[in-house]
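The following exchange asks on what grounds certain structural terms are applied, and each reply sets the value against the criterion.

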Amino acid sequence: MMIPIRVWRPHWIVAALFMGAISFTLVSAQTVLIDFGNDASYRGLSVPNPDSNGKYWNSLRTGVFYQNLVDAQNAPTTIDFGFSTPVATDSYNGPAGPTSSDTLMYDVQFTDIDPVALGEMGGAPEAAFDYVAGPDMPGNNQVRFEIQQLDPAKKYDLTFFGSHKFSIDDTTIYSVYTDNTYTTSIGTASLNVQTPGSPWLHNRDTVATISNLSPQANNILYVQFIGVNGSLGYLNELRIVGNVVALPGDYNVDGKVNAADYVVWRNDPALHGGNPAGYNLWRANFGAGSAAGLGNGAAVPEPATAVLMFAAVIGCWACGRMR
Ligand SMILES: [Ca+2]
Ligand SMILES: [Ca+2]
Ligand SMILES: [Ca+2]
């Protein structure tokens, strides 16, 4: 009975570790694409996923709290989204010009954007041509929404695409706040939704990004947009990118320095700081980023023990391969 166990376990452990390393690398930057306006909203259309870049969108309407948005690869995330102010949805005078609720499928083909310039945000005319905007209540045109259930270990980049012609304000201001009082801003960006002086020329190729945002109160980002002079602001698309902050020695970029990083280093030392410098960096930072490394009193395995354990595992695995 011992022989099958000894043969099987090392294979299983090593395979699991390598699979873990691969998946951690893939999730090191998570992208979520949001299209404002869907089949159920006024003069709106949903993106027929995937788009021309092979990416998946969340097409939203107002009045709904959306949970577990999918990422651009169609995998569910923890991220939730909801508006907290009155907001309107439409496509009229967006990038497709004067649209009609009777002929949307025809109108959408006139969506005029520069897909190359917009990159990941230019893959779906159904995402670009409809938008959310303020409620058109003078003095109260700010639109606010919350992006909830974010990962406190990540830094987020928000990219905004707003496009609308014949707007009163040429420019929309997008801002992120610390909490739901919307008093303290932690980042802001402005975007011309049309060409100043030529309001018939909608924005077709430019986005605005607010970078390096940490989740704020309750792991939420509190976002507001409004026209620069208090009239309507516009938002057609939003991209959320969550980036894992790489720590020294975190060779699989999962925000923790642990035994899995040793395996990554051992597999290709030259790519990970060299031998022994990469090993020494890993060992010096062992435990960083994990709960055990934050000084809560939990037992931290000795690096030397961990090295021996994994060296033994790899040794057995190599033995198994030779049979
Ligand atoms: Ca849209
Ligand atoms: Ca849409
Ligand atoms: Ca790691």
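The questions below move from the overall fold to its sheet, its cores and one loop residue.

Q: What kind of model is this, and how are its residues and chains labelled?
A: This is a predicted model, in which local features need pLDDT of at least 70 and side-chain atom pairs count only at pLDDT 80 or more, whereas totals for chains, interfaces and linings use all residues. Residues are numbered from 1 along each chain as its sequence is written, and chains are lettered from A and ligands numbered from 1 in the order in which they are written.

Q: How many helices and strands are there in the protein chain, and what makes a stretch count as one or the other?
A: The protein chain holds seven helices and 15 strands. Both are DSSP runs numbered from the N terminus, a helix being H or I over at least four residues and a strand being E over at least two.

Q: How do you know that β6 and β13 pair?
A: Two strands pair if DSSP finds at least two bridges between them. Strand β6 (residues 143-148) and strand β13 (residues 221-227) are joined by five bridges in the antiparallel sense, so the criterion of at least two is met. Among the partners, E146 has Y222 in β13 as its bridge partner, and F145 has V223.

Q: What makes β3 and β9 the edge strands?
A: An open sheet is formed by five strands in the order β3-β6-β13-β8-β9, with antiparallel pairing. β3 (80-83) and β9 (185-192) are its edge strands, since each pairs on one side only. For β3, the pairing with β6 is antiparallel over four bridges, and D80 stands opposite Q148 in β6.

Q: Which residues lie on the covered face of β6, and which on the uncovered one?
A: V143, F145 and I147 make up the covered face of β6, while R144, E146 and Q148 make up the uncovered one.

Q: Which strands does β7 pair with?
A: Strand β7 (residues 154-161) runs antiparallel to strand β15 (residues 237-244), with eight bridges between them, and L158 stands opposite I240 in β15. Four bridges also join β7 to strand β12 (residues 208-213), again antiparallel, and there the bridge partner of F160 is A208.

Q: What makes a set of residues a nonpolar core, and which members of the largest one touch the most others?
A: The term denotes a set of buried Ala, Val, Leu, Ile, Met, Phe, Trp, Tyr and Cys residues joined through C-beta atoms within 7 Å. The largest has 51 residues, of which L158, F160, V176, L221, L235 and I240 touch the most other members. β13 gives the most to this core, with five residues. Apart from it lies another core of 10 residues, including Y262, W265, L281 and W282.

Q: Why is D250 called buried?
A: A residue is buried if 20 or more other C-beta atoms lie within 10 Å of its own, exposed if 12 or fewer, and partly exposed in between, with C-beta atoms placed from the backbone. D250 has 24 other C-beta atoms within 10 Å and is therefore buried, although D250 is found in the loop between β15 and α5 (259-267).

Q: Which residues are in contact with D250, leaving aside its neighbours within four places in sequence?
A: Contact requires C-beta atoms, placed from the backbone, within 7 Å of each other. On that basis D250 is in contact with G255, K256, V257, D261 and G289, leaving aside neighbours within four places in sequence.

Methods
Contact = placed C-beta atoms within 7 Å.
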